[in-house]
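Visitor: Could you take me on a close look at one part of this structure, the packing of its interior? I would like one connected account.

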Amino acid sequence: MNGMNLLLGIGNDLLADDGIGCWVADRLSHPDWVSCVAGTVPENFTRRIREMRPDLLVLVDAARMNLSPGSVRIIPPDRVADAGIGTHQLPLDALCGMVSPSCGEIIIIGIEPGLVGIGEEMTDPVRSAGLHLTALLTGGRIREIPVFGADTRETRGAEENNIDVSGMR
């Protein structure tokens, strides 16, 4: 990847696996990347995103996709159906709409949580997924991440179970 890459880590680190986006952002250290821990208020970073004008903006959040805990997927914008209820109030698709004129490309990455509970520790599969994602990002291999819904079994399973793929609710 060329140009400036910005990662925004989203989630609540007080709720175990829901904090994986923040965990990744906190640990991403590479000259090709700038990372920000947005926590539960990614909308507070819209001005910074607009000022930075990244060629690539990556949003990382926990996402219920009806997959095994620790599964990592790129979530296409048409698969994001965030009602704004949960650990962040602004739906991710609305955030993308607000900043898209200032970004070359926006990619949403979801990691399937295993446990979301107050005061709980992050689970090993989710932490391992965060390490793997960090390695993919720093190695310029983001395109190796599977796209959610590309496998029709994933899409069918999410629709049948009314799964929200936009973050924790």
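Guide: Happy to. Let's begin with helix α1, which is mostly covered: six of its eight residues are buried. Keep in mind that this is a predicted model. The buried residues of α1 are Ile-20, Gly-21, Cys-22, Trp-23, Val-24 and Ala-25. They pack against the strands β1 (5-10), β2 (33-39), β3 and β5, and against helix α4.

From Ile-20 we can step into the largest nonpolar core, which has 24 residues. Ile-20 is among the members that touch the most others, along with Leu-7, Val-58, Ile-109, Ile-111, Leu-133 and Ile-145. Two or more residues of this core come from each of α1 (20-27), β3 (56-62), β4 (72-75), β5 (105-111) and α4 (124-138). Helix α4 gives the largest share, five residues.

Ile-145 is a good place to pause. Beyond its neighbours within four places in sequence, Ile-145 is in contact with Val-72, Arg-73, Ile-74, Ile-109, Leu-133 and Leu-136. Apart from this core lies another, of 22 residues, including Leu-6, Cys-36, Leu-59 and Cys-103.

One last stop is Thr-46, which sits in helix α2 (residues 46-52). Thr-46 has a relative accessible area of 9%, so it counts as buried, the cut-off being under 20%. Leaving aside neighbours within four places in sequence, Thr-46 is in contact with Leu-95, Met-98 and Val-99.

Terms used. Residues are numbered from 1 along each chain as its sequence is written. This is a predicted model: local features need pLDDT of at least 70, side-chain atom pairs count only at pLDDT 80 or more; totals for chains, interfaces and linings use all residues. Side-chain values use heavy atoms; hydrogens and water are left out. A nonpolar core is a set of buried Ala, Val, Leu, Ile, Met, Phe, Trp, Tyr and Cys residues joined through side-chain atoms within 4.5 Å. Buried means under 20% relative accessible area, exposed over 50%, partly exposed in between (1.4 Å probe, protein chains only). Helices (H or I, at least four residues) and strands (E, at least two) are DSSP runs, numbered from the N terminus. Contact means heavy atoms within 4.5 Å.
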